[in-house]
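Trainee: I have this model open and would like to go through it with you. Could you bring it up?

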Amino acid sequence: MTTKPMTARALGRATLERQLLLERRPLSVEDAVDRLLGLQAQEVRPPYLALAARLADFTPAALSTALERRRVARLVTMRSTIHLHTVDDCMTLRPLVQPARDRELRMFRKGLVGVDLDRLTELTRRYVEEEPRTPKEIRELLLRYWPEADPQALTIAARGCLPLVQVTPRGLWRRSGGVRLTTAEQWFGRPAEPTPAPDDTILRYLGTFGPASVKDFQQWAGITRTKEAFERLRPRLVTFRDDRGVELFDLPDAPRPDEDTPAPPRLLAEFDNLLLSHADRTRVIHEADRGRNWQVNTAYLTFLVDGFLAGLWTLKENGEAGSVLTLEPFRQLTRAQREELVAEAERTTAVLEAPGPVTVDFGTVRT
């Protein structure tokens, strides 16, 4: 029965614990990416920042090596955005979220009039499996067959119909190159996987982001119609209610720390999944700060204080002249909070190998 309520603060502490943000863990890059069900990787830098905030003894070279050795890779999965995944997740999550790719294609149908998507898929697969190709090269190939089609729509169709991996050197630390694509099957030397039922992914999601509602899972995955799967899993789960009375599901043995558990400050990446993976984000974002980590299509670097979004940060690297990390809080901080933030900022710049000397400043309070 659903009887026990959970406050937003308690939900936040549970999610922070599972997101490795209450205490850094001595995990390998591959184990962390697997445990976190992938990391946002729209740009090169975010996965490195995400792991710097979560892992003990992390170095950017460790992630670059994992990419070069094809233990992790970057491709479009949840919410039609690029994520960094383990090999197994590249092969299974991509087909699971195919309905979202199909919805995306329908948005571009006017530019695809007369285009045979099966033929497009066949042509693109053959072309990128010969050798990795740039989006421009793929687009130019497809325009030979459908010259009247919208070029952007053809590019979207190619990535929507096929699991296209961004091959290295794209994504390497301070060595990243332009985007070149091939299929996940070709890159990993593995056959395509059948589309899985969502059940196992729901259980993993709850272990990584729970307790959570059906809508929370759908927000994270970018897919709909998963209520039936949650009902199927109900006998294996425990349930709670949030402050608004919404039913939340969770794994029975998952950690749910006390809501007053100390949460150290953390500097997060622009697209950190902590801030994107719930329909209701009040567990980590106060209502007054909703939307402050975004402006139009731009996501800002953010930091947490006491487990909640508390401000923005920037890092300017000036070569031999040194680096400046600026913290801009949303409200006045206590002296202790400022000192802890400075220590965390200095640690972050050391992990990211920012050229020194490094200065940490506080900017204007963003009221």
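Trainee: Which residues line the largest cavity?

Mentor: This is a predicted model, in which local features need pLDDT of at least 70 and side-chain atom pairs count only at pLDDT 80 or more, while totals for chains, interfaces and linings use all residues. Residues are numbered from 1 along each chain as its sequence is written, and side-chain values use heavy atoms, with hydrogens and water left out. The lining of the largest cavity consists of Gln19, Leu36, Gly38, Leu39, Gln40, Pro46, Ala50, Arg54, Ala269, Phe271, Asp272 and Asn273. A cavity here is a set of points on a 1 Å grid over the protein atoms alone where a 1.4 Å probe fits but cannot get out, and lining residues have an atom within 4 Å of a point.

Trainee: What volume does the largest cavity have?

Mentor: Its volume is about 70 Å³, taken as the space filled by probe spheres set on the points, which are joined across faces, edges and corners.

Trainee: Switching to helix α8, which of its residues are buried?

Mentor: In α8, residues 135-145, the buried ones (under 20% relative accessible area, 1.4 Å probe, protein chains only) are Ile138, Leu141 and Leu142. Seen down the axis of α8, these fall within an arc of 90°, so they line one face of the helix; the arc is that of the directions from the helix axis to the C-beta atoms.

Trainee: And Lys136, what does its side chain contact?

Mentor: The Lys136 side chain makes a polar contact with the side chain of Glu140 at 2.5 Å, a polar contact being a pair of N or O atoms within 3.5 Å, where within protein one must be able to donate a hydrogen and the other to accept it. Lys136 is found in helix α8.

Note on methods: Buried means under 20% relative accessible area, exposed over 50%, partly exposed in between (1.4 Å probe, protein chains only). Helices (H or I, at least four residues) and strands (E, at least two) are DSSP runs, numbered from the N terminus. On a 1 Å grid over the protein atoms alone, a cavity is a set of points where a 1.4 Å probe fits but cannot get out, and a pocket is an open set with protein on both sides within 12 Å along at least five of seven lines; lining residues have an atom within 4 Å of a point.
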